[in-house]
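Welcome! Please take a moment to look over the sequence and the 3D structure below, and then we can walk through them together.

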Amino acid sequence: MAEDRIEIRGLRLRCIIGFNPEERIHQQDIVIDMTFLTDLRPGGLTDDPADIFNYKTANKAVIRFVEASAFNTIEALAAGIARVCVVECGAPRVQVSVWKPGALRYTDTVGVTIERTAADFQ
């Protein structure tokens, strides 16, 4: 299978994230990057939207999920986003990065990157 990629970069959202009491009061900024690993050959040949992974639907589902979420860790948030992409939206494989700007002093951001498939959610 081809290792083609659809990439969404810099999705800026807000949610409750963190385990310190002050982090549980107000939503904080997070930035999400998603890479959907899929075979783009069928859509490239037919030019038919029915033959491609619908990244717009996945993006909307992730927005709904994140904005309604409350997690202690960015690791758990990343796993939840990956689950939405794979289980709900049918992504064959996804890489998810979640960045928390300003989480550490003197840094721009801190983040995690994970990769998941349907086998990870059985």
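D51 is partly exposed, with a relative accessible area of 32%; here buried means under 20% relative accessible area, exposed means over 50%, and partly exposed is in between (1.4 Å probe, protein chains only). This is a predicted model, in which local features need pLDDT of at least 70, side-chain atom pairs count only at pLDDT 80 or more, and totals for chains, interfaces and linings use all residues. Residues are numbered from 1 along each chain as its sequence is written, and side-chain values use heavy atoms, with hydrogens and water left out.

**More about D51**

- You can find D51 in the loop between α1 and α2.
- Leaving aside residues up to four places away in sequence, D51 touches P42, G43 and T46, where a contact means heavy atoms within 4.5 Å.
- What separation lies between the C-alpha atoms of D51 and P101? These atoms are 36 Å apart, and the two residues are 50 places apart along the chain.

**The chain as a whole**

- The chain has three helices and five strands; these are DSSP runs numbered from the N terminus, with helices (H or I) of at least four residues and strands (E) of at least two.
- Following the sequence, you meet them in the pattern β-β-α-α-β-α-β-β.
- Along the principal axes, the C-alpha atoms fill a box of roughly 50 × 30 × 20 Å.
- Of the 122 residues in the chain, 39% are buried.
- Among contacts between residues at least 6 apart in sequence, 61% join residues at least 24 apart.
- About 7200 Å² of the chain is exposed, and carbon and sulfur atoms supply 51% of that area; the areas come from the Shrake-Rupley method with a 1.4 Å probe, and for residues only the protein chains shown count as cover.

**Aromatic pairs**

- How many aromatic pairs does a search of the whole structure find? The search finds two; rings of Phe, Tyr and Trp (its six-membered ring) pair if their centres lie within 6.5 Å, and planes under 30 degrees apart count as stacked, over 60 as edge-to-face and the rest as tilted.
- One pair is F36 with F53: the ring centres are 4.8 Å apart and the planes meet at 40 degrees, so this pair is tilted.
- F36 sits in strand β2 (residues 28-38) and F53 in the loop between α1 (41-46) and α2 (55-67), so the pair ties together parts that are 17 residues apart in sequence.
- F36 counts as buried because its relative accessibility is 0%, and F53 is buried too, at 10%.
- The rings of F65 and F71 have centres 6.0 Å apart and planes at 50 degrees, so that pair is tilted.
- F65 is partly exposed, with a relative accessible area of 25%.

**The largest pocket**

- The largest pocket holds about 220 Å³ of space.
- On a 1 Å grid over the protein atoms alone, a pocket is an open set of points where a 1.4 Å probe fits, with protein on both sides within 12 Å along at least five of seven lines, and lining residues have an atom within 4 Å of a point.
- Its volume is the space filled by probe spheres set on the points, which are joined across faces, edges and corners.
- Which residues lie nearest the centre of the largest pocket? They are F19, E23, K100, A103 and V110, out of 13 lining residues.
- Both α3 (74-88) and β5 (109-117) supply at least two residues each to this lining.
- The lining has six nonpolar, four polar and three charged residues; Ala, Val, Leu, Ile, Met, Phe, Trp, Tyr, Cys and Pro count as nonpolar, Asp, Glu, Lys and Arg as charged, and the others, Gly among them, as polar.

**Residues to look up**

- Most residues other than glycine have a negative phi.
- D47 is not a glycine, yet has a positive phi of about 60 degrees; D47 lies in the loop between α1 and α2 and is exposed at 68% relative accessibility.
- Y106, also not a glycine, has a positive phi of about 70 degrees; Y106 is in the loop between β4 (93-101) and β5 and is exposed at 75%.
- G10 belongs to strand β1 (residues 4-17) and touches V31, I32 and D33, not counting residues up to four places away in sequence.
- The C-alpha atoms of G10 and V31 are 5.6 Å apart, with their positions 21 residues apart along the chain.
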